[in-house]
Amino acid sequence: MEKQEDNNARLAIMELANMISVPMSLNAVVRLNVADAIWQKGSNTPLLPSEILSSILPSGTGDPENLQRILRMLTSYGVFNEHISLVEPAQRRYSLTEIGKTLVTDKNGLSYGPYVLQHHQEELMKAWSVVHEAVVDSSTEPFVKANDGETAYGIYGKKPEMNELMQKAMSGVSVPFMKGVLENYDGFNGVERLVDVGGSAGDCLRMIIEKYDNIKDGVNFDLPEVVAKAPKIDGVTHVGGDMFNSIPKGDAIFMKWVLTTWTDEEVKRIMINCFKAIPVGGKLIACEPVLPNHTDDSHRTRALLEGDIFVMTIYRAKGKHRTEEEYHQLGKSAGFKSYRAIYIDYFYTILEFTK
Ligand SMILES: C[S@@+](CC[C@H](N)C(=O)[O-])C[C@H]1O[C@@H](n2cnc3c(N)ncnc32)[C@H](O)[C@@H]1O
């Protein structure tokens, strides 16, 4: 018995030690656009790696065996279905699972693909080899140490291709989330002027005002270089600025995936600026990843804990995914008098603070 446990432990550590193959192979299939090649406008017919290859590399070049090795490994992580033919010689064909389908580009050009690519850019990858530095000295982020003193947002601002990928990544993840929010949450009723702080390309705001015609005025507030690239949206004014200085006034403030990347002190400053920007009775509606109190091996807990390490490594060594209670206390310290949390999505929680 002991021997079997020992064996399992050695197997588990081998799996963990080789784990880098998983995200990097996922990145490879996104770079190669494998999901769209299999999806073929909805057919999702199981294809041989050579057939996928001839669609993604029409020049007829490439190595189908190596593509198959990647697809087979990712099958084990639920991204692809593998179909083995019964007739000899046995051939392996691949179709997309529900997870694989999140990588298919939709009619608006969106998918989770850009989010995968965004995480695996060279500048971010360099930071992962020095994660331990966040423990040794948390005054500087691993990203900053690995990139000659530059912060992630600083580099996005200087490199248009990184800025663009960031916006595309945010849109690909945020649009499906917002569909669920708009079906199940009614907190935008009665709001006439809504400010989205850190709204990126403005997708969340566009979707909110499409549903709520009481919102006459939408303000998409983000860094100047980000709003400069944001598309024109009817009913939305793009405003560039710094949320640490001041936030445009509105009846309510929406904010998604912004507080997470900052320290407690910085979150308090952002929340105080939100507090100043809304009237008494106005709401700050923040959607953030919220950590469960218990630790387990569910997809939800893992996605949230992994995201927490991403924040620590890339954005702020003391930025973090927080528990509901930690957000509650931060809201209180910024002056908000009431608070409720609404669980609609598995990853993001709606945190509603009222002035
Ligand atoms: C993780 S993204 C979230 C984008 C969008 N809310 C969403 O969920 O799709 C964080 C956003 O905060 C913006 N941001 C970072 N620092 C900022 C600042 N000082 N003032 C305003 N926006 C900022 C970034 O440019 C980025 O668009």
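**A walk through the model, starting at α2**

Let's begin with helix α2, which spans residues 21-31 and has Leu26, Val29 and Val30 as its buried residues. They sit on the same side of α2, because they cover an arc of only 100° around the axis. There's a simple rule behind this kind of pattern: an α-helix has 3.6 residues a turn, so residues three or four places apart point the same way. And what lies over that buried side of α2? The cover includes α3 (34-39), α5 (64-76) and α7 (113-119). Just past the end of α2 comes Asn33, with a positive phi of about 60°. Keep in mind as you look around that this is a predicted model.

Now zoom out a bit. The chain is split into domain 1, residues 2-101, and domain 2, residues 172-354. Measure between their centres, taken over C-alpha atoms, and you get 36 Å. UniProt, in an unreviewed entry, lists residues 14-106 as "domain: O-methyltransferase dimerisation". Over that stretch, residues 14-106, the chain is 49% helix and 11% strand, and its end C-alpha atoms are 37 Å apart.

Next stop, the ligand. How many residues surround it? The count is 16, and the closest are Met170, Ser174, Gly198, Ser200 and Met243. Sort the residues of this shell by type and you find nine nonpolar, four polar and three charged.

Further along the chain you'll meet helix α17, residues 324-334, where Tyr327, Leu330, Gly331 and Ala334 are buried. These residues are on the same side of α17, because the arc they cover around the axis is only 100°. Among the elements covering them are the helix α15 (264-277) and the strands β7 (283-291), β8 (322-323), β9 (338-342) and β10 (348-354). After α17 comes Gly335, which has a positive phi, near 110°.

For a contrast with those buried residues, look at Asp148, in the loop between α10 (142-146) and α11 (152-158). Is Asp148 buried or exposed? It is exposed, because just 7 other C-beta atoms lie within 10 Å, and a residue counts as exposed when that number is 12 or fewer. To finish, try jumping from Asp148 to Phe353: the two are 205 residues apart in sequence, and their C-alpha atoms are 38 Å apart in space.

Notes:
Residues numbered from 1 in each chain as written. Predicted model: local features only at pLDDT ≥ 70, side-chain atom pairs only at ≥ 80, totals over all residues. Near = placed C-beta within 6 Å. Nonpolar A, V, L, I, M, F, W, Y, C, P; charged D, E, K, R; others polar. Buried ≥ 20, exposed ≤ 12 C-beta atoms within 10 Å, placed from the backbone. Helix = DSSP H or I, 4+ residues; strand = E, 2+ residues; numbered from the N terminus. Arc of directions from axis to C-beta. Contact = placed C-beta atoms within 7 Å. UniProt positions renumbered as here; feature names shortened; annotations may be inferred. Domains from an automatic or database assignment.
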